[in-house]
2 protein chains.
Amino acid sequence: MAETRTRGRRERLRAETAAEIKDVALRLMASGGPDAITLRAIAREMGMTANAIYGYFATRDDLVTALIDDVYTGLADAVDAAWAATAADDPAGRIRAWAHAFRNWALANPAGFRLIYGDPVPGYQAPEGGAAPDAAQRVCTGLTALAAAAWPRASEASEASEDFQWSDFDAGLLSKIRPAFPDLPPAAVALALRIWGHLHGLLCLEIYGHLRTQMLNPDKLFREELAQLVRSLGLTA
Amino acid sequence: MAETRTRGRRERLRAETAAEIKDVALRLMASGGPDAITLRAIAREMGMTANAIYGYFATRDDLVTALIDDVYTGLADAVDAAWAATAADDPAGRIRAWAHAFRNWALANPAGFRLIYGDPVPGYQAPEGGAAPDAAQRVCTGLTALAAAAWPRASEASEASEDFQWSDFDAGLLSKIRPAFPDLPPAAVALALRIWGHLHGLLCLEIYGHLRTQMLNPDKLFREELAQLVRSLGLTA
DNA sequence: ATCGAAACTTCACGCCGTATAGTTTCCGCA
DNA sequence: TGCGGAAACTATACGGCGTGAAGTTTCGAT
């Protein structure tokens with residue numbers, strides 16, 4: 001049992017160091033943008049050599065991947081929590097809560113938002129698997145839940161002009177979504193993606209500073225967007 | 001007059017070299033993304049030393065600024081042309097044409113889109129003036145023209161829930177817009193920005209690869225978005 | 001022919017990521 | 001208790017990056 005204790009100790013130390021590396025990286029990113037994530041700066045901050053980090057992350061891209069995983073998971077947690085904290089019989093309220101949670105998270109973590117949705121860092125190429133795609137699908141699933149709850153009335157309010165089929169969508173996405181929402185038509189998934197686009201667009205413009213050169217308080221625009229959204233979904237009380 | 005001839009010659013050579021630098025930079029960007037814009041790579045391509053470029057652009061950021069100016073102007077030209085090529089009495093057609101021109105330009109110049117709307121390049125900070133803000137306002141003005149044409153019917157179709165005032169918007173924007181559209185209420189400008197957000201969001205998701213992991217043909221989603229947009233504006237024939 | 005400005009090169013510095021090899025630390029077992 | 005060896009970390013090096021200072025070439029104006 002001494003063995004397990006010490007092995008546990010080693011692993012714990014290792015995990016703590018890895019966590020500290022990511023922590024410092026996140027702090028650097030928050031203060032200087034995604035480009036400030038340099039192995040040397042992190043090491044400097046931790047009183048180490050840059051190469052020591054290679055014991056924890058094989059490459060800088062691996063570190064960035066880990067950060068993206070963490071950050072994206074944080075976002076997914078935030079929006080899921082907002083979803084769970086609202087009443088199931090109030091689809092409009094859920095949409096509003098979800099959207100505001102998304103925006104608040106983005107405004108609180110602008111560098112994280114850029115890391116996830118923008119060019120993360122020079123020459124970075126996202127790997128195949130990992131937590132980030134999972135988180136992305138959680139976000140997408142949350143969105144689909146919103147669209148699913150709104151669908152009955154939304155489909156009456158305005159029928160789609162394109163006819164969507166299941167073959168229009170990615171199989172991986174569907175494998176997670178269709179079991180959860182058996183009665184959902186393909187057009188509702190398209191609606192979910194469109195809603196995502198609406199929110200993402202305003203947020204991108206705001207985070208990257210394109211909105212503030214035109215409009216003084218993006219808050220108001222965002223609220224108006226949500227109001228029109230729930231209206232167009234036929235959810236106005 | 002020999003003086004003017006030779007001075008002209010010098011200046012022409014100088015302008016040609018500057019143009020070639022930007023040209024090479026754009027080519028590098030197109031093939032390797034915005035990060036591929038390095039002074040050394042450009043110089044290598046041109047058979048020069050990296051420092052020779054400093055004779056034309058004081059710093060790398062200045063070069064990037066010039067590129068952004070050019071690229072943004074190109075985008076503004078593209079959407080303006082699409083606007084001008086459609087009938088004034090067909091607001092829905094103009095919206096569709098404008099939006100498709102925007103998307104086609106973005107898909108044809110993904111690196112340019114990132115350069116304008118994303119993190120252009122590590123640590124780049126946009127300067128105060130220049131052609132880029134002008135182009136941005138041209139795009140915004142075009143958008144406002146679309147919203148203005150749609151406004152009469154759009155305002156009936158769904159009244160805004162937020163009450164927008166002129167003080168909500170940037171003075172520089174208004175100084176260009178209000179003279180051109182005297183009868184426009186503030187809410188219509190907000191509508192223009194919201195439309196921008198809708199298109200920008202889908203485009204961002206597509207360009208940065210977040211849509212293709214969910215949906216196989218973003219075309220269809222974009223067309224549906226436009227169809228719902230003109231519908232929500234009360235422009236369906 | 002010559003002066004001088006403009007164009008360009010060379011060299012240097014400090015950053016960066018990363019590979020290789022060497023050094024220290026310290027756990028697990030005999 | 002002492003030792004073998006793995007794990008953590010450092011030292012050194014390479015090439016690429018932006019950029020500054022100084023030197024060199026080119027070439028039009030006088």
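**Exercise 1. A covered helix**

Which residues of H5(A) are buried? Work from the predicted model.

*Solution.* Step 1: locate the helix. H5 of chain A runs over residues 110–117. Step 2: recall the cut-off. A residue is buried when its relative accessible area is under 20%. Step 3: list the residues that pass. They are A:Ala111, A:Gly112, A:Phe113, A:Leu115, A:Ile116 and A:Tyr117. Step 4: describe the helix. With 6 of its 8 residues buried, H5(A) is mostly covered.

**Exercise 2. The outline of chain A**

Describe the fold, extent and confidence of chain A.

*Solution.* Step 1: count the elements. Chain A has 9 helices and 0 strands. Its pattern along the sequence is α-α-α-α-α-α-α-α-α. Step 2: take the extent. The C-alpha trace spans about 65 × 50 × 30 Å along its principal axes. Step 3: look at burial. Of the 237 residues in chain A, 51% are buried. Step 4: look at the contacts. Among those with a separation of 6 or more, 70% join residues 24 or more positions apart. Step 5: check the confidence. The average pLDDT of chain A is 90, and 94% of the residues score at least 70. Residues 1–6 of chain A stay under 50, and the model gives them 1 contact beyond four places in sequence.

**Exercise 3. Two annotated stretches**

Compare the UniProt record with the model for residues 15–75 and 38–57 of chain A.

*Solution.* Step 1: read the record. An unreviewed UniProt entry places "domain: HTH tetR-type" at residues 15–75 of chain A. For residues 38–57 of chain A, UniProt lists "DNA-binding region", again from an unreviewed entry. Step 2: turn to the model. Residues 15–75 are 69% helix and 0% strand, with end C-alpha atoms 22 Å apart. Residues 38–57 are 40% helix and 0% strand, with end C-alpha atoms 13 Å apart.

**Exercise 4. One residue in H6**

Is A:Ala150 buried or exposed? Find its surroundings too.

*Solution.* Step 1: place the residue. A:Ala150 sits in helix H6 of chain A, residues 131–157. Step 2: apply the cut-off. Its relative accessible area is 1%, so A:Ala150 is buried. Step 3: list its contacts. Beyond four places in sequence, A:Ala150 is in contact with A:Ile95, A:Leu233 and A:Leu235. Step 4: take a distant residue. A:Thr17 is 133 residues away along the chain, and its C-alpha atom is 45 Å from that of A:Ala150.

**Exercise 5. The two faces of H7**

Which residues of helix H7 of chain B are buried, and how are they arranged around the helix axis?

*Solution.* Step 1: list them. In H7(B), residues 171–180, the buried residues are B:Leu173, B:Leu174 and B:Ile177. Step 2: look down the axis. These buried residues fall within an arc of 90°, so they line one face of H7(B). Step 3: recall the geometry. An α-helix has 3.6 residues a turn, so residues three or four places apart point the same way. Step 4: find the cover. It includes helix H6 (131–157) and helix H8 (186–207) of chain B. Step 5: turn to the other side. The face away from the buried side carries the exposed residues B:Ala171 and B:Pro179. Step 6: inspect the start of H7(B). There a side-chain oxygen of B:Asp170 comes within 3.0 Å of the backbone nitrogen of B:Gly172.

**Exercise 6. How the copies meet**

Relate chain B to chain A, then examine two residues where the chains touch.

*Solution.* Step 1: superpose. A turn of 180° and a shift of 0.0 Å along the axis lay chain B on chain A with an RMSD of 0.1 Å. The two copies are therefore related as by a two-fold rotation axis. In chain B, the C-alpha nearest the axis belongs to B:Gly201, 1.6 Å away. Step 2: compare surfaces. Of the interface residues of chain B, 98% are also interface residues in chain A, so the copies meet through the same surface.

Step 3: take A:Lys220. This residue is in helix H9 of chain A, residues 218–232. At 10% relative accessibility, A:Lys220 is buried. Its side chain makes a polar contact of 2.8 Å with that of B:Asp168. A:Lys220 also touches residues including B:Glu162 and B:Phe164.

Step 4: take B:Glu162. It lies in the loop between H6 and H7 of chain B. Its relative accessible area is 17%, so B:Glu162 is buried. A polar contact of 3.1 Å joins its side chain to that of A:Arg223. Beyond four places in sequence, B:Glu162 contacts A:Lys220, A:Arg223 and A:Glu224.

Definitions and conventions:
Residues numbered from 1 in each chain as written. Chains lettered and ligands numbered in written order. Predicted model: local features only at pLDDT ≥ 70, side-chain atom pairs only at ≥ 80, totals over all residues. Heavy atoms only, no water. pLDDT = per-residue confidence, 0-100. Contact = heavy atoms within 4.5 Å. Least-squares fit on C-alpha atoms with pLDDT ≥ 70 in both. Buried < 20%, exposed > 50% of the residue type's maximum accessible area, 1.4 Å probe, protein only. Helix = DSSP H or I, 4+ residues; strand = E, 2+ residues; numbered from the N terminus. Arc of directions from axis to C-beta. Polar contact = N/O pair within 3.5 Å; in protein donor to acceptor, adjacent residues only side chain to side chain. UniProt positions renumbered as here; feature names shortened; annotations may be inferred.
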